[in-house]
Amino acid sequence: MGDPEKGFSEKERMSAEIIRDGPATPTLPVLPTVNAESEKREPPASKLHPAVYVIIWISLSSSVILFNKWILDTAKFHYPITLTCWHLTFATLMTQVMARTTTLLDGRKTVKMTGRVYLRAIVPIGAFFSLSLICGNLTYLYLSVAFIQMLKATTPVAVLLVGWAMGIHKADLKVLFNVSFIVLGVVVASIGEIKFVLIGVMFQIGGIAFEAIRLVMVERLLSSAEYKMDPLVSLYYFAPVCAIMNFCTALVFEIPRIQMEELYHVGLWILLANAMVAFALNVSVVFLIGKTSGLVMTLCGVLKDILLVAASIAIWGTPISPLQYFGYSIALGGLVYYKLGAATVKAQLSEAGRLWAEFGSNRPALRKAIVFGGILMVLFVLLGGLAPSVGYDSKYLTSTIKGADKSS
């Protein structure tokens, strides 16, 4: 029979159920303990799919542009500076309310904003922001939404050139060659524009230039960790100074000419809804950041521009020539290539080719139907653009008939 002390010791080493007096020996296993209350609770993940945020952003961004065009052009409220001032005043009020009632603007607490910084950085940026908004809204009085979106494709080129001029980035001829395709496409689209209005194009070019300067100045400001701001916090600081600048400008050029009948014709509730949609767009951008990648954002921006061109054609019957389709396609292709880079574009094309081949092997009949439908759509667009217009110009038809009557 074995030694009982030895047996007891072996059992004690093999089990933690026997409690011994004195300090625990290193041979005894020490089981980890978990205190549920001391664990850091992670915030619940969002239940919404990222596609929901993308759809909301595209919808709001498109709605703001179409809404502004409708008010300024269709509803005959020809006061773009006043409309911009109203948007910024509403944004100022809403950001002040949200700063006191929600946590969406808590990021401002980490910004070391002083009076000196506000005067030397925020006010100049706000001035260029105001100028870009004024020029952008003035353009709606002269150009179609479709042509405006084509011209806006040159914004990355303007930002690149301004960044080089201000010494933020080093000049690179290879990058300049890449963005030249964007300019080439927009030039081709401009040549094909049927309703080309020079003053409208000049306003849009001015708006793009002012916006490029603003973006480069913001980039330089945000390069310091002390001034990191999301779009909503930026609006919190920029909206008041922009509203004041727009109000002073409108007070000279527009407000003395505004009649109350014009406001009632548009509708006060319509103007309120317009400002709410514009502000909701800024809020949606905050929620969109971090939910998607740069690739998705770039492609969604291109998709939004295409949808706006289609909406302009559907709502206002904007005529688009085949040359414009061709030029805008070049500009969009150059825009995607510039923003994503050659490596990313090649990788995505390779992946798309693989998925398309896999889809064809699984559903060959559906693939053939899609290809056939795409060919028919392209032919319809090209032939429809080359063919005479289905509609007619009533003034031209009336003058032709009168001329024929006089000659007879």
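# Exercises on salt bridges, a surface patch and packed helices

Glu 358 has a relative accessible area of 39%, which makes this residue partly exposed (under 20% is buried, over 50% exposed, and partly exposed lies in between, with a 1.4 Å probe and protein chains only). We're working on a predicted model, where local features need pLDDT of at least 70, side-chain atom pairs count only at pLDDT 80 or more, and totals for chains, interfaces and linings use all residues. Residues are numbered from 1 along each chain as its sequence is written, and side-chain values use heavy atoms, with hydrogens and water left out.

**Exercise 1.** Find the salt-bridge partner of Glu 358, and work out which residues share a network with Glu 358.

*Solution.*
- Step 1: look for a side-chain nitrogen of Lys or Arg within 4 Å of a carboxyl oxygen of Asp or Glu, since that's what a salt bridge is here.
- Step 2: Arg 354 fits the bill, with its closest N and Glu 358's O 3.3 Å apart.
- Step 3: place the pair. Both sit in helix H14 (residues 342-362), 4 residues apart, or about one turn of the helix. (Helices are DSSP runs of H or I with at least four residues, strands are E runs of at least two, and the numbering starts at the N terminus.)
- Step 4: check the cover on the partner. Arg 354 is partly exposed, at 43% relative accessibility.
- Step 5: follow the shared partners, and Glu 351, Arg 354 and Glu 358 turn out to be joined into one network of salt bridges.

**Exercise 2.** How many salt bridges does the structure hold, and is Arg 214 buried or exposed?

*Solution.*
- Step 1: the total comes to 6 salt bridges.
- Step 2: pick out the one made by Arg 214. Its partner is Glu 211, with 2.8 Å between the closest N and O atoms.
- Step 3: both residues belong to helix H8 (residues 198-222), with a spacing of 3 residues, about one turn of the helix.
- Step 4: Arg 214 counts as buried, because its relative accessibility is 14%.
- Step 5: now try Lys 109, whose side chain meets that of Asp 106 in a salt bridge at 3.8 Å, N to O. Lys 109 is exposed at 63%, while Asp 106 is partly exposed at 28%.

**Exercise 3.** Find the nonpolar surface patch that includes Ile 370, and say which helix gives the largest share of the patch.

*Solution.*
- Step 1: apply the rule. Patch residues have over 30% relative accessible area and no salt bridge; nonpolar side chains (Val, Leu, Ile, Met, Phe, Trp, Tyr) are joined within 5 Å, like charges within 9 Å.
- Step 2: Ile 370 sits in helix H15 and is partly exposed at 41% relative accessibility.
- Step 3: collect the members, which are Trp 356, Leu 366, Ile 370, Val 371, Phe 372, Ile 375, Leu 376 and Leu 379.
- Step 4: together they have about 710 Å² of accessible area (Shrake-Rupley method, 1.4 Å probe, with only the protein chains shown counting as cover for residues).
- Step 5: helix H15 (residues 364-386) gives the largest share, 7 residues.

**Exercise 4.** Describe how H4 packs against H8, then do the job again for H3 and H4.

*Solution.*
- Step 1: two packed helices are described by the angle between their axes and the distance between the axes. Axes are lines fitted to C-alpha atoms, for helices over the stretch in contact, and angles run from 0 to 180 degrees between N-to-C directions.
- Step 2: helix H4 (residues 115-139) and H8 pack at about 155°, with 8 Å between their axes. That makes H4 roughly antiparallel to H8 (under 35 degrees is roughly parallel, over 145 roughly antiparallel, 65 to 115 roughly perpendicular, the rest oblique).
- Step 3: the H4 and H8 crossing is left-handed (the near helix is turned anticlockwise from the far one by less than a right angle; clockwise would be right-handed).
- Step 4: the axes of H3 and H4 come within 8 Å and cross at roughly 130°, so H3 and H4 are oblique to each other. Their crossing is right-handed.

**Exercise 5.** Which residue lies 147 residues along the chain from Thr 92 with its C-alpha 5.4 Å away?

*Solution.*
- Step 1: find Thr 92 in helix H3 (residues 80-101).
- Step 2: check its cover; at 16% relative accessible area, Thr 92 is buried.
- Step 3: the residue we want is Ala 239.
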